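Take a moment with the sequence and the 3D view below. We will walk through the fold one piece at a time.

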Amino acid sequence: MTFVDSIATRPTLQMQRHFDAPRPLVWRAWTNPEVMVLWLGPVEWPAVSATQDLRVGGEWRACLRSPDTGQDLWQGGVYREIVPNERLVFTFKWDESHEDGPPVDTLVTLQLGDAPDGGTLMDFTHEGLKSEQSLTGHKHGWTSTFERLEAFLATGGAGHPARTSVGRQE
């Protein structure tokens with residue numbers, strides 16, 4: 001079974017968000033590790049580290065950390081498609097068991113467009129989740145993450161890092 005066939009048989013999360021920010025700023029939030037680390041992760045697991053090699057075939061990695069326990073959750077993947085300011089497709093996989101057992105490869109697609117009333121419309125799809133339990137967990141995680149992204153964008157992209165490690169892989 002191919003990767004595409006495999007993810008097609010598992011649960012998919014689809015979300016749409018409107019951000020009161022221009023597309024280039026939303027794009028930058030997703031594609032610049034120094035910016036991504038400022039909003040990535042749900043409120044109870046904020047990112048503390050992010051790296052990106054932003055090219056098709058390039059890898060990305062991020063570490064989320066619980067402020068309560070100090071436990072780290074590493075995730076990463078490979079960029080599959082990059083259309084600046086419009087579309088970003090990448091694989092996503094936890095490094096270790098998470099929610100319902102051993103991790104599986106999944107696929108994230110974001111499509112950015114101009115909202116009719118201004119701002120940016122983001123269509124977000126996370127395909128190939130392992131189970132309904134994983135779907136529920138990721139829905140919570142991405143919802144909280146996008147609330148953090150919205151708050152970051154409301155500052156005009158002027159958020160400040162706290163205890164973060166970031167970098168671009170060259």
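Start with a single pair of residues. Trp60 has Gly77, in strand S4, as its bridge partner. Keep in mind that this model is predicted.

That one bridge belongs to a longer pairing. Strand S3 covers residues 59-65, and strand S4 covers residues 72-83. The two strands pair in the antiparallel sense, over seven bridges. How many residues lie between S3 and S4 in their hairpin? There are six. Look at Gly70 in that turn: its phi is positive, about 80°.

Now follow S4 onward. Strand S5 spans residues 87-94. S4 and S5 also pair in the antiparallel sense, here over six bridges. Find Gly76 to see one of these links. Its bridge partner in S5 is Lys93. The hairpin of S4 and S5 has three residues between the strands. Which residue takes a positive phi in this hairpin? It is Asn85, with a value near 65°. S4 thus pairs with S3 and also with S5.

Step back to the whole chain. It has four helices and eight strands. Read along the sequence, these elements follow the pattern α-β-α-α-β-β-β-β-β-β-α-β. Trace that pattern in the 3D view.

Next, consider how the chain packs. It has 170 residues, and 47% of them count as buried; for this count, buried means under 20% relative accessible area. Contacts tell another part of the story. Take those between residues with a separation of 6 or more. Of these contacts, 55% join residues 24 or more positions apart. What about the surface? The chain exposes about 8,400 Å². Carbon and sulfur atoms supply 51% of that area.

Finally, turn to the largest pocket. Its volume is about 250 Å³. It is lined by 18 residues, and the closest to its centre are Pro42, Leu64, Trp94, His98 and Gly141. Which elements each supply at least two residues of the lining? They are S4, S5 and helix H4, which runs over 132-154. So two familiar strands return here, S4 and S5. H4 gives the most to the lining, with six residues. By class, the lining has eight nonpolar, eight polar and two charged residues.

Technical notes:
Residues numbered from 1 in each chain as written. Predicted model: local features only at pLDDT ≥ 70, side-chain atom pairs only at ≥ 80, totals over all residues. Heavy atoms only, no water. Pairing = 2+ DSSP bridges. Buried < 20%, exposed > 50% of the residue type's maximum accessible area, 1.4 Å probe, protein only. Contact = heavy atoms within 4.5 Å. Areas by Shrake-Rupley, 256 points an atom, 1.4 Å probe, with all protein chains shown as cover. 1 Å grid on protein atoms, 1.4 Å probe; cavity = no way out; pocket = protein on both sides within 12 Å on 5 of 7 lines; lining within 4 Å. Points joined across faces, edges and corners; volume = space filled by probe spheres on them. Nonpolar A, V, L, I, M, F, W, Y, C, P; charged D, E, K, R; others polar.
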